[in-house]
Every structure is written in structure tokens, then in C-alpha cells.
Amino acid sequence: MTNNWTDIKNADVVWIMGGNAAEAHPCGFKWVTEAKAERGAKLMVVDPRFTRSAAVSDHYAPIRAGSDIAFLSGVINYLLTNDKIQREYVKNYTNISYIVKEGFGFNEGLFTGYDESKRTYDRSSWEYEIGPDGFAVRDETLAHPRCVYQLMKKHYAQYTPETVERVSGTPKDKFLKVCEMAASTATGDRSMTIMYALGWTQHSHGAQNIRSAAMIQLLLGNIGVPGGGINALRGHANVQGITDIGTLTASLPGYLAMPTDSEPTLESHLGKRTFKPLQANQTSYWQNYRKFYVSFLKSLYGEKATKENEFGYQWMPKLDVAYDVLRMFEVMHQGKTTGLLCQGFNPLMSVAYKAKTVAALSKLKFLVSMDPIETDTVRFWENHGEFNDVDPSKIQTEVFMLPVTSFVEEDGSFTNSSRNIQWKWKAADPYGESRRDIEILADLYLRLKKLYEKDGGKGAEPFLAVDWNYKDPTHPSSEEVLKELNGKALVDLKDAEGKVTRAAGSQLASFGEMRDDGSTDGVQWIYTGIYGPNGNMAQRRDNSDPSGMNVYGSWGFCWPANRRILYNRASADPQGKPWSDAKKYVYWNGERWTGADVPDFVPTIPPERGTGPFIMNPEGVSRLFARGFMADGPLPVHYEPFESPVTNPLFPKVRGNPVARVFKGDMEVFGSAKDFPIVGTTYRLVEHFHYWTKSVHMNAVAQPEFFVEISEQLAKEKGIRPGQMVRVWSNRGQVKGKAVVTKRLVPLKIDGKTVHQVGLPLNFGFIGETKKASPVNSLTPAVGDANAQTPEFKAFLVDIEPIPGPVA
Amino acid sequence: MNMELSRRSFMKGASAGLAGTTLGSLGFGEIEAAHAASIRPFKLARTKEARSSCPYCAVCCGMLVFSAENKAGKLEVTHIEGDADNPVNRGTLCPKGAGALDYIRAKTRVKNPMYRKPGSNRFEQVTWDFAMERIAKLMKEDRDANFIDKNKDGVTVNRWPTMAFLSGSSCTNETGWITWKVARGLGMLQIENQARI
Amino acid sequence: MFPPIPNPTTQATPAKFGEADLIRRSASNITPAAKRQTEVAKLIDVSKCIGCKACQVACLEWNDLREEVGVNVGLYENPHDLTPNTWTLMRYTEYENPESGNLEWLIRKDGCMHCADPGCLKACPAPGAIVQYSNGIVDFVKANCIGCGYCVKGCPFNIPRISKVDHKAYKCTLCSDRVAVGQGPACQKACPTQAIVFGTKDEMKKWADKRIADLKSRGFKNAGLYDPPGVSGTHVMYVLQHADKPQIYAGLANNPTISPIVELWKGLTKYAGLTAIGAFAAFGLLHHIVSGPNRVSDEDEKNAKRLAQGRS
């Protein structure tokens, strides 16, 4: 979230699309109902189904799953053609006036530079024209035909309300009402928040869905302001923190990058990422990348990391390719993976194309599950009839099921969706023989260390170089580790006059203190300050709100630097004055930036310097035109899902995102509209959390059995009665469940054709207290987003039929 | 009163008109004495309270976890409700959070290390020492066989391509770092978490 | 936001109300204390309800109840009805508003209304099995319950359920144990959107006014409070978008009243010189009317009728 849960209360319009906050985040959703009740805010919901969020909305518009970019592009077109943009904001805080270099183009659904054989783009033409001063060229009049404004007008012209209706199935009047409600916030004294979740990410064009929404917010001047923002409602309790720490194939903590084969030296890695400003007087904060990287290496390798050995850079593994989950299971399916450790993870349920997942797991030599409860994955080798029809005797995988403490049986910190890091205290003794993850991993580390010290072996040196400096090496405490994340001074840090600013051994107060000479360490620069000289800030429990803006700045600690709204300098105009009294938040008081929040800006830089609010970007402004930072284009384009009921009505030659992640074998099992005429979409239910609470009795009571949601029209067409068992199948598998026939789903007219959609809740499997069911990922395609490689769970093709027999 | 007196026999006895029956003789007098005992004693009295965070979604609702010692002298959770001091959830919880007690006590909680042999159709209980020693051995064997220190161009790459780690997003930040450190320290590249999917 | 009730304490706390605050007791005569507790109420704002069932789960958890895992019968409701363990239940209605043309998903939390004039209590023949406190809570006393089921029939909202296990009647207690220490009911505390709030009945009515004004501003011109006079008002009230049509909310009673037969029974229990035989005769009649003739013998029925008629 650029903003945060409580800030939603400051919104005048709440737009939920690509998510269902009432269903998936009920207690965060309270701030929507509060904004409505206390401010008179209006809620609009765009979704294939009339959802629980829609139940309390002021306006609902249906949409065909997978057509969000067409819809959002229609909104952008509406804002541009009706001049419903916050001009001053857009001119000063976005790259709308930047001129794109000659040679850039877009034709029949493809940008310049496409290589069909490799399914990739050469993105070199997607860049700014650079002037003789080394800075990007702008045209403040916005008249230049290659300026971003003109390119956007051209790019978006075809997304008329009629086109939106034709592609997305949203009736024109309902679409226009969304446009009008959004446009009402282009004024500077009103703001709109956009709340989304996996309804936008789980597409082969997921990242561009979100970019589209962010662009709308920039055009309306809604980024960096209270009640605004582009707000990802994240799934797991600590998925934000685990993303921050970077247990992702290409990540290091704090959004630093893994070294690759093409970066043989530390300098070759750092050189590429130390971005120089593209305009005068810009912060370009990633210039500090090397300070964060070196501090990280100092934490990882401790005293062994020296200037002479590139701070241990050579010990780090280097990436040949990125092993996202889709590739991980592809490689496993090819029999190239020996072992898999699953920590609180149930891939049999959560990875696309279950048949492939089971086949892949069966090829492992060993599987280790570390989880408080039994998962479907840890029993993948067990026969559960039609729900998991395997022959155990043919599966040679050794399986370990290790008992792990539950959340109440250990202390530690979680980072919520608002980037707020909060401590939890241990409340109970471990269940049975269960152990903390940290103890299990420490045990594993120490056993392996002993083996390498005794017997040696390949790669002994890089492994033994890892620092393991804990009071009790077998039981690193959460407090110790949090301190390690924060970082400390390794020698006395001195300022230019030689005065000691931070004594050796002291915890750092902010990442501004980090250095690139090995004199500081710190795993996670964005968290620095969490455990500074004043102790564990995650434990702060002061819920006062002096500004009355629902900020709660003394509750826990928010990264970065305890800022609650990102880019908040944009809540003031270029002169530093709030855009309006109603949205007064961070402003220039004549001497410094101040206000309700910690300024996301150098507090002493005066407005006259023209430093932009988007301090991470070399331009200092945000990007409507993404340059080469997106794999699939600098502007979003409507691409159909890989399994779609229609040929792309706008660009008939392109099937799906041209650079989406898809492997050959997975491509071969895509279904076509001829055989599978119905759109399937998956989602979670409020009564359950993923595949976890099917093991929780009270939740199993509240929602006991897998079901399929269908419209009354489809029920009639197929002869399906409410409560009857139905079979839903795709080209990859089938599921069976009870039919919930509802008015909340309606068939849509797409490009002249009636399209039905069926809803498939994802929470059911064959382990737990709910009725046994086949996972919905038996149906889903293994194709991933071009940028994030997130699988396309939200739009694929199926067919449905009733199963004869007694109803319910 | 006669606790066994069923509705049916009670009805029969009365409306058949048995002479001289009074409320007292049916035993109601005793109940008069046990007046209005409807209010349960407050069950949190004398429990131990800890501030926690909901393990499910990323709203991270503040929770109050109440526990008491069980017969074995172990601290066991007896009740969970929302923490009204938390600025986000203000004491509220969704049906998952409100039911978290049954997660802690789930029938499918894993109590002991379990092991399934190749081709077997069941799990068997093993000791921690057996499980960890075996896992470490399997890992080292494979790492010895498949670790790559240099790529074909001679660049030091120190990677272990045949081992994968799916890291949990319901784990703490601290667990996340220990996970990263152990997995990358061993040279793994196949590391992913739920953020991807 | 309605100010959240502060967190509970783990210190032993004396109950704020108890038997001295009874104003009614089934099949008994009592003299209520002159000093009355402030009336409390739970306000359920249907327009804020997202149907998440947090209330259902919190109710099970707090009251140490566990329900069987059921099946899906093509609906979102689970369980499918109130039960001896399920004291509150979300009921879902898909309503096509003929005026706006919009679909509305009306979700109502069903459960005991804690009527000011409780039909269950009046119908109850077992002395002290149902009690009413001056703060408005109507509570069942398990030890005194004979499982006859008259409360079910006496209730204009069809709420109490008889357990097949112990043959006792069960329903929502308004978490009398929590209210007794200054807390709100478990369902109210859990409710993510404050669709359920709890406080004094006066506060709740004022809060409802604010909500109704908001709903009217959004075009729900018949928004209003459900506090039905037929039972002298309730201590669980609803804010409804369409207060002119309670029945569209999964059959919420338009104008709930206590059955005249129950009123007769109530009259009899008040009669000082009442003999047991008369009393039993009257509830024999009551039973006949509400349960149907096949559940008592003809002889029972005849006797009961004759005796009751003689009385009236």
C-alpha cells in the first residue's frame, strides 16, 4: 500500500477493483465503511461478481474477468478527453511532459523491438530523448508529438465507452458512472483510494493492470495524498515482510538485487544500479544503493567481509535465470530438482495446474514440510480417491513432516500491508514437540556446518563464510535477529569535522547512516530505525493521533523511516502549500517540510529547488510512461487472457501478453473457446484463509464445502438446480462441487457474444475438516505475468455440467 | 427439580389431571432457591494475557491471547479476541481471526516429526534427531554432487541449482532472514514465497 | 466510529448485574427491585454488514460451543438454521430493488432479539428457566429448563432451539457474562465493520438516527430502525435500508407480537390462587395450539381444553 489501512478513512471515493476487500480483508475494510459513514464517501466496486464488497457499495459495475486493462484504459481516455486531470500535479509530478526518443512506436498491439522467436522486447527505444546537458528533454507546453501526453492521447483514443462495453461487457452507463465518480477527485480537495489484490495480479498482464490504476491516480493527483494511493491489499500476515526480506529468486533484502552471471564483480553489479539523476536537483535515492549493499554483505559475512574480498560478493550465489514458482515447478517436473523445503507453504494447492504439480513433486528425492498443520502437499503421495488419485507405491519421494510452533507460540515481528512492523509476544508453550522455524533452520545450519568442517565438500567455503553470531547459536532470538536487520556501526562513525556521530557497536537510527566502506552493517536498509538506539520500535503501542488524520505514527514502526504515506511530499503543490485544507498533510513551513507524517523527502530541501516528490526515481517525478522498466511495454495494452472466450477485439493478431511467462508444455494444454466456452475465475471466501482454515473447525462450520457460483441464466441453460453437484472441467483437470445459483453473477455480452462466468472458491482440498474436494488449481493454466510471473488464476476457460443425483 | 422429567411425561402428568399436584410437590420449590443462575462466571478472570498479531491476512489485526496452565503445567491458549488498542482493527476480528483458537487446537496440528519412506503409504513418527540428521545428509549428498562453483565462462557463481525452498509468508521477519541466510548461504537460487502467487 | 469498548481485564471483577436485577422470571412471581439497570441494546446495522460470519464464529468461540461441519446446499448460509449451538446466523437475501433496478444483497444477522416483552419467557412453564434482567437481557437458566419447547413457540422470532443431547433450550445470552463485567457481546466485539454496536438503548437509538440519515442521503428513503412495538421494543435492534419491508430481510417479522395463547398463560401465572392443575391445563392448551395435536394424546388435549376453558 502506498497509503495505509486507517488512512482509507480520509477518502472521498473508494474504488475497489481487482479485489474484494470485504471478503479478504474485513477488518481493514472497516475503514471503507468508516469513510462512508463519517465523511459521506462513495464506494464503487467493479468485479465479475456482485461481491460482499459490492453489498455495501454505492455503485457496482460488472466486468468480464481478464479485461481490466480495457476498462481502466477507458477511464484514462475519459480523463484525458474530458480534461478531468489535476493539471498542476500532473505537469509537475509526472513525466507527462517528457519527450520519448525517436523510433518508439506501437503497432497492432506490439511496441517497437519485439522478437517473436524469443518472446521478448528490445526495450532500447522506450526511452527519453536526452539533451546535451545529460538530462531528459521536456516540453512544458505538452504540444510535442512525442511527449508523453500526446503519446498517451493517441494510445488511449480507441478505448471509448463503447469499446469498453464491447471488450469488458460493462454496460456503458455503469462504466461512465465509474469514470464520473473517479473524475470527481481531480480537484485537489477530494481524494480517491484504489484498493486491489490478487484480482489484478493473477493475470498474464497483472503488473500492467496495476500500472493502469496507478496512472489513473497520478492523472487525478491522488498519489501521496491522504485518502489516496494505490493500495495493494496483501494476502498473508507477513507477505509484505517476507517480500521485503526478499525470499524471492532474484531478490535481496530491501529490494536490492541478486547478483547475476553477467555481474562477475561487486562493482559491475553496483555500477548498473547507482542511478544518476535525469533532471537537475533530483534526489535519485538509489544513488545510495552501494551503501545498502555493502552493509548487507557485512551482515551476511560479518568480519569475513572485507574491502579486499569485495565484502564477500564472490561467495554469493549468482543467478543464471530467475526461478519464479512457475519455473521452479517446470524444472522440478523435468526431474532436475532433488529436494524441496516447504515452510508454511502448500504448493499442491497454490500452484497452477495441479496435475503437473503432483507429477513434479513425485520426482523429488525428498520433500520437507515445516508447518504447524498438515498440508495437502505433505500428503501428495497419499491416495485420496478422485481428489488425489495417486499410487503411493510408485512415489519414491522421502517426506518429512516437521512440527512448527503456531503464531502464538513464538514472538517476533510481522509487517502488515501498510508496511507497519508490529511485534507479537509469545502467549503459549509450543504444541507437542513443535519447534520455531528459526530453531529448525539453526539446527540444519549447524549440522551442515559440522559436516563441512569435518568432511569438507563442494562449496564448503561460501557456506562456511556465512556469519552466525548469536548468543545461543541453536536458538537465535527474534530480538537479536531484528537488531541484525536494523544494522549497527562497526567502528565509530564520524562526521566531516571528525565528531563521533555513532559509536562503534551502536544500533543505527536510520539508513542515512549507512556507509559503503564496511563501517556499518544492516541486513535490511529499509527497516533501519526499527531497532535503533532507542530499542525495539515494533513494540511501540502508542495509539495517539495528534493530527487527527488517522496516522497513528507512534504505533509500531513503518518502513521506510516511519513514513505512513509514501510520496507524501506530493500532498503539497510545487510551492510547498497543501493542495487544499481538506487534504493538508505534509507541507513546507518556510523552513522545513513538516506535517502529520514523516516527510518522504529531505526535510530541508526548499520547494524552490524543484526537487520532485518521487525521490527514488532519477527523474524526481513519477512515470506515466514506464520507459524500459516493464517487460511488456511502457504503456498498458489490452491483451486477452491466454484462455479467452474471444479473439482480442482490438488486436486480433496477438494472443495474450506477448512476453508472458509460459513454458512449452504448459502452452500445449491451453484450452480453446470452442471446447471451453465459459470463463472461470478463482477467489477466496471470507470464512477461510487460503488452504489453511479448512483445518480449523469453526471455519469449516462457517463454510463447509466447495461450491461453484453460477448465474441463474447459466443454470437454466445447463439444467442445473441450486445445491446440485456440478462438474467443472478445463483442458487440465476437473473439480466437482455444489452449485450456488445466484443473481450476483450475470452473463455479459462480449464482442457480440454471450459470455458466462463461473466462480470457483479456492479454499477447499482433501486435508482438513471441510468436505474433501479437488483443488481449483486442478483447472488453472500455468502461465504467468510478464513482469511478476504471477499465474493467471483469475481468467481461464472451463465448461460445466450437472451431475445427476439428489440435490444437496 | 427432577432433571429427568421429559417434556412429554411432564405434560402427561399435568394435563391428565392428577389430583392435588402442586408446583412444590413437583420439585419446583428447589429451583426457587437456585434463583437466576444464568450468568456464567467471566472466563478470562485470572488468565494470562499476551498481545499478538493475527496470523492470517496482512491487515495484521491486533489480538489478545488469553492462556492458562494445563494439567501438564504448560501454558495453553483458552481464548482469543481482538485488541481494541490496535489502531487498525480496534478490537474487531474476521471469522478467521475469531476462530484462531481452533487453528491452535486443530486436529491436523503436527505434534511430532513424521517420516514417510519412499513408496510407503503412511507416515511414521521419528525423533527430531533422526529427521534433522537425515535431511542434512540428503542435502549434503546432493550439494556435493550438484554444486556449481564456476560457470562455463569461468565466472564464480557458487550456486546449488537442484535444491528449492518455498518460504512461508506467515512466518516472522526474523524467520524470513534466517531462511534467506541459510538458503542463500548454501547457494540456492530456487527460493520463492507466496508473494509470487 | 462508535468508540470501541476498552479491552477486558483478567482481574476478577464483580458482576455489574445479577439476580437482584431480575424483572421477570418464568412461571414465577417476583417483585423487581425499585432501582433499575440502564437498558442495554445491540444495534445491527444491516447496511454495514458484509456477511462475513465473524459474529457467528466469535459466538461459538466465546460461548465454548462447537457446531458440526455441515454441507453446502446451494446457499451461503451455514449452518442452515439456528441450532442449540448456533445462537446467531447470517441470513442472505438477493433482492432486486424494483425502484432503483439495482441488485441488493441484504444480509441479516439472526438471533435472539431480547424483547422487552419476551414471548419465550411468558410461554415458559418451568419456574426460573427464563429470566429477564432490568437491563433488558433475556436469559435462559439451563438448570431450570425442562426442554418443553414452549419458548420456541412463544417466540415471535422463532429463535430458541432445543438440544437433542440434553433436552434443554438454547439461545443467545447477549453474552450476559461479558456485559456483567462491562464488555459488549462477543459478536459485537468481533464485527469488522461495526455493523454491530453495543451500548445503552438510548445511545443505540441515537447512533441509529445517524446511520439512517446517511442511508437516506444515499437514496434509501425508507431507511429506519427496527424496534418493534408489538413486543414493547427489543434490546437487539436493526437499522434497515427498507424499514417499511422487514420481511424482505429473510423473513424478519413485519409486526411481531406474542401469541394470544401465551398472553393467556401469562395471565394465569399471575393469578395468585393458581393451582398447579390449572396452570398445567393452560399450558396443555398452549401446547396443543403451538405444537399441533399429534404431539399429545387426545386425552391430554381434551382435559387441557376443558380445564382452560373453565378458567377463561
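In this predicted model, strands β2 (residues 40-45) and β9 (residues 196-200) of chain C pair in the antiparallel sense, with five bridges between them. Within this pairing, C:Val40 of β2(C) faces a partner in β9(C), C:Thr200, which stands opposite. A second neighbour of β2(C) is strand β11 (residues 236-240) of chain C, which runs parallel to β2(C) and is joined to it by four bridges. Here C:Asp45 is found opposite C:Val239 of β11(C).

How covered is β2(C)? The strand is mostly covered, and six of its six residues are buried. In a regular strand, side chains alternate between the two faces of the sheet. For β2(C), one side carries C:Val40, C:Lys42 and C:Ile44, while the other carries C:Ala41, C:Leu43 and C:Asp45; these residues are all buried, and both faces are thus covered.

We can turn next to chain A and its domains. The domain assignment gives domain 1 (6-96 + 160-235 + 620-624), domain 2 (269-316 + 477-536), domain 3 (325-416 + 420-464) and domain 4 (661-802) of chain A. Taken over C-alpha atoms, the centres of domain 3 and domain 4 of chain A are separated by 27 Å. Contacts between this pair involve 21 residues of domain 3 of chain A and 23 residues of domain 4 of chain A. On the domain 3 side that touches domain 4, the helices α14 (325-333), α15 (347-350) and α16 (354-362) of chain A each supply at least two residues. By class, this side of domain 3 of chain A comprises nine nonpolar, five polar and seven charged residues.

Key. Residues are numbered from 1 along each chain as its sequence is written. Chains are lettered from A and ligands numbered from 1 in the order in which they are written. This is a predicted model: local features need pLDDT of at least 70, side-chain atom pairs count only at pLDDT 80 or more; totals for chains, interfaces and linings use all residues. A residue is buried if 20 or more other C-beta atoms lie within 10 Å of its own, exposed if 12 or fewer, and partly exposed in between; C-beta atoms are placed from the backbone. Two strands pair if DSSP finds at least two bridges between them. Domain bounds come from an automatic or database domain assignment. Two residues are in contact if their C-beta atoms, placed from the backbone, lie within 7 Å. Ala, Val, Leu, Ile, Met, Phe, Trp, Tyr, Cys and Pro count as nonpolar, Asp, Glu, Lys and Arg as charged, and the others, Gly among them, as polar.
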